[in-house]
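Here is a short tour of ring contacts and cysteines for you to follow alongside the coordinates. Have the viewer open and step through the residues as they come up.

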Amino acid sequence: MPTPSLAALPIRRLTHRDLTACADLSEDRGWPREEHKWGFLLTAGRGYGIDDPDGGLVSACVVTEYGPQGRPDLGAIGMVLVAERHARRGIGRRLMRHVISAMGTTPLTLHATPNGRPLYEELGFKATGRAEMLRGHFRRGPSVPDVATRAATAEDLAAIVRLDEEVFGADRTHIITRLPAFTDQLRVAEANGRIVGYAGAWPNMDTQVVGPLIAHDTATAKALIASLAAHTDRPLRTDIDVRHEELLAWAKEHGLASVAFNAVMTYGISELPGDWTRRFAPLTVAAG
């Protein structure tokens, strides 16, 4: 039987059962397998993909929705991948157009690599910000702020959800309530008996990714990063909004080095909702 053309292959919803195929696709493109992250995204978000008649996936991506179920305030697109053997044939464009259509009038956001940015601009996304990826072993020094931090407890979740919605600008309850199982560490910062910041660190290959990172101010963000670093031997990795220049400089002074820059892009809105001054790093660039 003749092999169907790529344009005729249907786009379907992915589920957690597709985790291995998604990880294989990542590996095919030279990315880490990131099975822990894929599992989280496929459970908390909506995956889309195209099956390869010869096995595996031709393409995949995940959309994470925020806000009321059925009428989200924001959708974050991530993990947009096309198998190397099918690259440069319009597959990524077709998949993205499908997702944009499926999301209707919901505003969208994504983090774009320099290679991916031209496609997203062609589809109508606008660059509205920039994030810098840092990686390295954190070196504790005398400049670490003296802000009270501790491990989060189940009793803190309601307060974390409230703070997160205030800062992020949309309800992320379905994400926040998954963090205790997804992260290796979940810590909060307190001032006057109130939670004024929180941060997670989750395993990704040989690193611990710091995110989300929500904090009242830069000193609180520094204290949360330092407290996470104190409880792991792994290198840290995080993606910091470049407007947080003081935090970036401090992190580099303490052993984290710049790895790459990604454009933060939006579709249907001129800028992201919420308070960027307290939003320092995403959970993951794939989910915002």
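## Charges over rings

A good place to begin is Arg130, which lies over the face of Phe261, at 4.0 Å from the ring centre. Arg243 is placed over the face of Trp276 in its turn, at 4.1 Å from the ring centre. Please keep in mind as you look that this is a predicted model.

## Aromatic pairs

How many aromatic pairs does a search of the whole structure find? The search turns up six. One of them joins Phe40 and Phe182, with 4.2 Å from centre to centre and 35° between the planes. At 35° the planes are neither under 30 degrees apart, as stacking would require, nor over 60, as edge-to-face would, so the pair counts as tilted.

This pair links distant parts of the chain. Phe40 belongs to helix 2 (residues 35–44) and Phe182 to helix 7 (residues 179–182), with the two positions 142 residues apart in numbering. Phe40 is buried, with a relative accessible area of 8%, and Phe182 is buried too, at 5%.

Tyr120 and Phe125 make another pair, with ring centres 6.1 Å apart. Their planes meet at 70°, so this one is edge-to-face. Tyr120 is buried at 9% relative accessible area, and Phe125 is buried at 1%.

## A cluster and its helix

Let us return to Phe40. Ring pairs connect Phe40 and Phe182 with Trp202 to give a cluster.

Is helix 2, where Phe40 sits, mostly covered or mostly open? Mostly covered: of its 10 residues, seven are buried. Those buried residues are Lys37, Trp38, Gly39, Phe40, Leu41, Leu42 and Ala44.

## Cysteines without a bridge

Now for the sulfurs. A search of the whole structure finds zero disulfides. Why is Cys22 not bonded to Cys61? Cys61 holds the cysteine sulfur closest to that of Cys22, but the distance is 9.7 Å, which is too far for a bond. A disulfide would need the two sulfur atoms within 2.5 Å.

Seen from the other side, Cys61 is in no disulfide, and its nearest cysteine sulfur is that of Cys22, 9.7 Å away. As for their surroundings, Cys22 is buried, with a relative accessible area of 0%. Cys61 also counts as buried, because its relative accessibility is 0%, and the cut-off for buried is under 20%.

Definitions and conventions. Residues are numbered from 1 along each chain as its sequence is written. This is a predicted model: local features need pLDDT of at least 70, side-chain atom pairs count only at pLDDT 80 or more; totals for chains, interfaces and linings use all residues. Side-chain values use heavy atoms; hydrogens and water are left out. Rings of Phe, Tyr and Trp (its six-membered ring) pair if their centres lie within 6.5 Å; planes under 30 degrees apart count as stacked, over 60 as edge-to-face and the rest as tilted. Helices (H or I, at least four residues) and strands (E, at least two) are DSSP runs, numbered from the N terminus. Buried means under 20% relative accessible area, exposed over 50%, partly exposed in between (1.4 Å probe, protein chains only). A charge sits over a ring if NZ of Lys or CZ of Arg is within 6 Å of the ring centre and within 35 degrees of the ring normal.
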